[in-house]
Amino acid sequence: MQRFRSMTLFAEWQDTVWAARNLAGSALEDWGLHALVDDVRLVVSELVGNVVQHAVPDDRLACPGAPRRIDVTLTMWPKWLFLGVADEDSSPPTFPLGESFSPELAHGLPEAVLPDSGRGLLIIHRLADALWWAPEESGGKTIFCRFDLGERCADGPA
Ligand SMILES: Nc1ncnc2c1ncn2[C@@H]1O[C@H](COP(=O)(O)OP(=O)(O)O)[C@@H](O)[C@H]1O
Ligand SMILES: [Mg+2]
């Protein structure tokens with residue numbers, strides 16, 4: 001059994017992050033993955049927000065004045081949920097370089113000691129079971145996350 005949902009959005013649309021978050025939320029609800037809805041909605045918001053904020057299309061994909069394309073895909077397999085967010089910029093995201101302090105210590109740290117930027121991917125790194133990116137042959141890249149559907153979804157898919 002495999003379930004798939006996708007949506008093409010544009011970074012310049014006002015409701016892009018909202019639409020991506022809702023696509024993810026409704027797909028997960030439909031698939032019975034209620035326990036993952038909040039985490040995946042947050043991850044999608046961060047990834048799509050990053051495209052809006054950071055993506056600069058490659059020269060060969062850029063059309064002056066054209067909106068920047070974003071493709072969001074969700075694929076559910078029996079044991080995993082994969083999320084992909086593709087954009088037209090082939091430069092890599094800056095992934096967190098591992099944990100700079102232990103999770104126990106991080107809990108007790110005031111927010112002020114965490115860096116002002118670079119938190120989005122750090123949060124995703126914590127919420128997802130895997131995070132990676134791959135360049136696309138035609139240009140641009142996709143950032144992927146994998147969520148393991150084990151104990152977190154003990155109620156099981158619908
Ligand atoms: N889709 C993207 N395209 C290009 N660069 C990206 C993308 N996503 C993230 N980045 C880069 O990775 C960095 C870290 O992202 P993030 O952890 O979300 O922090 P922030 O958005 O606060 O800078 C960004 O500052 C940016 O340089
Ligand atoms: Mg960000």
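**View 1. Leucine 9 faces isoleucine 70 across a strand pair.** In this predicted model, leucine 9 stands opposite isoleucine 70 in strand 2. The two strands shown here are strand 1 and strand 2, the latter spanning residues 69-76. They pair in the antiparallel sense. Eight bridges link them.

**View 2. Five strands make an open sheet.** The strand order is 1-2-3-5-4. Pairing is antiparallel. Strand 1 (3-10) and strand 4 (130-135) are the edge strands. Each of these two pairs on one side only. From one strand to the next, the twist averages 15°. In a regular strand, side chains alternate between the two faces of the sheet.

**View 3. Helix 1 and helix 2 pack on the sheet.** Helix 1 covers residues 16-30. It touches strand 1, strand 2 and strand 3 (80-87). The direction of helix 1 makes about 170° with that of strand 1. Helix 2 touches strand 2, strand 3 and strand 5 (141-148). The direction of helix 2 makes about 15° with that of strand 3.

**View 4. Strand 3 meets strand 5 at glycine 84 and phenylalanine 144.** Glycine 84 stands opposite phenylalanine 144, a residue of strand 5. Strand 3 and strand 5 run antiparallel. Eight bridges join them.

**View 5. Strand 4 and strand 5 form a hairpin.** Five residues lie between the two strands. Glycine 139 sits in the turn, with a positive phi of about 115°. Strand 4 and strand 5 pair in the antiparallel sense over six bridges. Within this pairing, leucine 131 has cysteine 145 of strand 5 as its bridge partner.

**View 6. Three residues place N or O atoms by oxygen atoms of ligand 1.** Histidine 54 uses its side chain: one of its N or O atoms is 2.8 Å from an oxygen atom of ligand 1. Leucine 121 uses its backbone, where an N or O atom lies 2.8 Å from a ligand oxygen. Glycine 120 also uses its backbone, and here the distance from an N or O atom to an oxygen atom of ligand 1 is 3.4 Å. Taken alone, ligand 1 exposes 530 Å². The protein buries 83% of that area.

**View 7. A shell of 14 residues surrounds ligand 1.** Asn50, His54, Asp87, Leu121 and Lys141 come nearest. Helix 2 (37-54) and helix 4 (119-127) are the elements that give two or more residues to the shell. Helix 2 gives the most, with four residues. What is the make-up of the shell in nonpolar, polar and charged residues? Three are nonpolar, seven are polar and four are charged. Helix 2 therefore appears in two views: it packs on the sheet, and it gives residues to the shell around ligand 1.

Notes. Residues are numbered from 1 along each chain as its sequence is written. Chains are lettered from A and ligands numbered from 1 in the order in which they are written. This is a predicted model: local features need pLDDT of at least 70, side-chain atom pairs count only at pLDDT 80 or more; totals for chains, interfaces and linings use all residues. Side-chain values use heavy atoms; hydrogens and water are left out. A residue is near a molecule or strand if one of its heavy atoms lies within 4 Å of it. A polar contact is a pair of N or O atoms within 3.5 Å; within protein, one must be able to donate a hydrogen and the other to accept it, and residues adjacent in sequence count only if both atoms are side-chain atoms. Accessible areas come from the Shrake-Rupley method with a 1.4 Å probe; for residues, only the protein chains shown count as cover. Ala, Val, Leu, Ile, Met, Phe, Trp, Tyr, Cys and Pro count as nonpolar, Asp, Glu, Lys and Arg as charged, and the others, Gly among them, as polar. Two strands pair if DSSP finds at least two bridges between them. Axes are lines fitted to C-alpha atoms, for helices over the stretch in contact, and angles run from 0 to 180 degrees between N-to-C directions. Contact means heavy atoms within 4.5 Å.
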